[in-house]
Amino acid sequence: EFEALKQSMALRRVEDALNHCRTMQQAEPQSPFPWLAASMVYEAANRPQQALQACTQAAELAADGPASEAALERLAMLRLFHFTPPPAALPALDLAMRRHPGGPHWLYLIGLAHSRLGQVDEAIQAFRQLSEHPRYELLAQAAAGEAFAAHGGADRAMGYCSRVLHPATET
C-alpha cells in the first residue's frame, strides 16, 4: 500500500493517495503512520483543516519515540504556519517538550510561535535555551534578533544580528 501511495502522490492523484491511506489505516488502526501520510497528502492538496485532523489523530496514537516526535512536529508546524493566529501551536509544542525535553528543534518552534504572537519575552526565553545547544547558538541569536526586529526592538535586534554576523573567534 505504501508504494501505491507514493506512486499516487508522484502522479498527483490525491484521491487515490487518500484511498491508500484509508486502506493502511484499516489494516493498522493503532499505527500513527497512515495518519501522518494522510496529513501530508491533505497538506499537498491544500486542505489544511483535514491535514490538521489527520495529524491530530497520529499524535494521539503515537505514544512515544520517532512516530510521536514526527506527529507532534507536523501538528505544531501545521498549526503554526497554516492557521492564524498561531496560539493553537503552543499546546502541541508544550506536549512535544514534555515528551522530548530539551529538544532544540522544539525550542526553536516554541520561540517562533511566541514571536508570531508578539510575546517577545517568551520567544527570547526559548531562544536563550536554544542557544545553550552549541550547534544552535547562531540560529538562536538570529531568531532572537528577528523577534525583536518584528516587534519594535530595533536596537536589541541589531545587537543579536551583529553577534550572528560577527561571532567571537577563539584565539
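Here is a short conversation about a predicted model, its helices and the residue S39.

Student: Before we start, what should I know about the model and its numbering?
Tutor: Happy to help: residues are numbered from 1 along each chain as its sequence is written, and side-chain values use heavy atoms, leaving out hydrogens and water. The model is predicted, with local features needing pLDDT of at least 70, side-chain atom pairs counting only at pLDDT 80 or more, and totals for chains, interfaces and linings using all residues.

Student: How many helices and strands are there in the protein chain?
Tutor: Helices (H or I, at least four residues) and strands (E, at least two) are DSSP runs, numbered from the N terminus. From that end, the elements run α-α-α-α-α-α-α-α-α-α. The count is 10 helices and zero strands.

Student: Are α2 and α3 roughly parallel or antiparallel to each other?
Tutor: Axes are lines fitted to C-alpha atoms, for helices over the stretch in contact, with angles from 0 to 180 degrees between N-to-C directions. Those of α2 (residues 14-27) and α3 come within 9 Å and cross at roughly 165°. Angles under 35 degrees count as roughly parallel, over 145 as roughly antiparallel, 65 to 115 as roughly perpendicular and the rest as oblique. The two helices are therefore roughly antiparallel.

Student: Is S39 buried or exposed?
Tutor: S39 sits in helix α3 (residues 33-44), and its relative accessible area is 0%. Buried means under 20%, exposed over 50%, partly exposed in between (1.4 Å probe, protein chains only). So S39 is buried.
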